[in-house]
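Biologist: I am new to this structure and would like to learn how to read it. Could you take me through it one feature at a time?

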Amino acid sequence: MYKPQQKGSLDFRILRPLDYFSLLAIRAETCLRYALEKSGVLSEIPDGDQKLDGYIIKLSKNILSDKSIECLKNELKTYTKLHDTANKPNPIRRIMDITYNSRSKKDTYLIQAFLCCVLARNYFAHHTYLDKYFMQNQKEESAFMLIGILAAVLKLLDD
């Protein structure tokens, strides 16, 4: 919450926090696509990969090592497939629990942030099964995902 008394300000304490999550998650994709288009490298991404995870992979080449990008690609296969939601554990908690012995803390955190961004975008575009979970006392997971979305966009657009 920042200056809630100011007209047009966001106040995450009230009404529909899920709307704010979905807006941030969907706009993240738009921001990254715009940055790639503006820099002239969007056309280097094959049509089938012109989606959020493809944008993140392209932009992360300046941020992550090749081995960390491979870790990210492997993890993305899990977090972009949310079809069988009844048999999956909480995907946010799974991202929070990711650890790598061979990756730096910074790379691990960035991989987690990028995964949160992709998970949020796909979840809010296609699903509702976690909505009640977000609205209950799961502030840690909700905050982790929100920070992941913001960190991903800010870090990828830092150039």
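**Helices and how they pack**

Modeller: Let us begin with a pair of helices: H5 and H7 are roughly perpendicular to each other, because angles from 65 to 115 degrees are counted that way. Their axes, for residues 105–126 in H5 and residues 139–156 in H7, cross at roughly 110° and come within 7 Å. Please keep in mind throughout that this is a predicted model.

Biologist: Which residues of H5 and H7 make the contact?

Modeller: On the H5 side the contact includes Tyr109, Ala113, Cys116, Cys117, Ala120 and Phe124, while the H7 side includes Phe144, Met145, Gly148, Ile149 and Ala152. Sorted by class, the residues of this contact of H5 with H7 come to 16 nonpolar, 2 polar and 2 charged.

Biologist: Before we go further, how many helices and how many strands does the protein have?

Modeller: There are 7 helices and 0 strands, and reading along the sequence gives the pattern α-α-α-α-α-α-α. To see how far apart in sequence the contacting residues lie, one can take the contacts with a separation of 6 or more, and here 63% of them join residues 24 or more positions apart.

Biologist: How should I read the angle between H3 and H5, whose axes come within 10 Å?

Modeller: The general step is to compare the angle with a cut-off: the axes of H3 and H5 cross at roughly 30°, and an angle under 35 degrees counts as roughly parallel, so H3 is roughly parallel to H5. The crossing of H3 past H5 is right-handed. Among the residues that meet there are Cys71, Leu72, Glu75 and Tyr79 in H3, and Asp107, Ile111, Phe114 and Val118 in H5. In this contact of H3 with H5, 9 residues are nonpolar, 2 polar and 2 charged.

Biologist: Are H2 and H3 roughly parallel or roughly antiparallel to each other?

Modeller: They are roughly antiparallel, because an angle over 145 degrees is counted in that way; the axes of H2 and H3 cross at roughly 170° and come within 11 Å. Asp53, Ile56, Ile57 and Ser60 in H2 meet Ile69, Leu72, Lys73 and Leu76 in H3, and the classes of this contact of H2 with H3 are 5 nonpolar, 1 polar and 2 charged.

Biologist: How many of the 9 residues of H2 are buried?

Modeller: The count is 8, so H2 is largely enclosed by the rest of the structure. The buried residues of H2 are Leu52, Asp53, Gly54, Tyr55, Ile56, Ile57, Leu59 and Ser60. For the protein as a whole, 42% of the 159 residues count as buried.

Biologist: What is the general idea behind a nonpolar core, and which residues have the most contacts inside the largest one here?

Modeller: In soluble globular proteins, nonpolar side chains tend to be buried together. In this structure the largest nonpolar core has 46 residues, and Ile56, Leu72, Phe124 and Met145 are those with the most contacts inside it. H1 (17–39), H2 (52–60), H3 (66–79), H4 (91–96), H5 and H7 each supply at least two residues of this core, and the largest share, 12 residues, comes from H5.

Biologist: What do Leu72 and Met145 touch, once residues up to four places away in sequence are not counted?

Modeller: Leu72, which has its place in H3, is buried, with a relative accessible area of 0%. Leu72 touches Ile56, Ile57, Ser60, Leu64, Ile111, Phe114 and Leu115; Leu72 and Ile111 are 39 residues apart in sequence, and their C-alpha atoms are 5.8 Å apart in space. Met145, for its part, touches Phe21, Ile92, Cys116, Leu119, Ala120, Phe124 and Phe134.

Biologist: Is Ala28 buried or exposed, and how does Asp158 read, buried or exposed?

Modeller: Ala28, in H1, is buried, with a relative accessible area of 1%, and, leaving aside neighbours within four places in sequence, Ala28 is in contact with Leu52, Cys117, Ile149 and Val153. Asp158, found in the segment after H7, is exposed, with a relative accessible area of 55%. The C-alpha atoms of Asp158 and Ile63, which lie 95 residues apart along the chain, are separated by 9.9 Å.

Technical notes. Residues are numbered from 1 along each chain as its sequence is written. This is a predicted model: local features need pLDDT of at least 70, side-chain atom pairs count only at pLDDT 80 or more; totals for chains, interfaces and linings use all residues. Side-chain values use heavy atoms; hydrogens and water are left out. Axes are lines fitted to C-alpha atoms, for helices over the stretch in contact, and angles run from 0 to 180 degrees between N-to-C directions. Helices (H or I, at least four residues) and strands (E, at least two) are DSSP runs, numbered from the N terminus. Contact means heavy atoms within 4.5 Å. Ala, Val, Leu, Ile, Met, Phe, Trp, Tyr, Cys and Pro count as nonpolar, Asp, Glu, Lys and Arg as charged, and the others, Gly among them, as polar. A nonpolar core is a set of buried Ala, Val, Leu, Ile, Met, Phe, Trp, Tyr and Cys residues joined through side-chain atoms within 4.5 Å. Buried means under 20% relative accessible area, exposed over 50%, partly exposed in between (1.4 Å probe, protein chains only). A crossing is left-handed if the near helix is turned anticlockwise from the far one by less than a right angle, and right-handed if clockwise.
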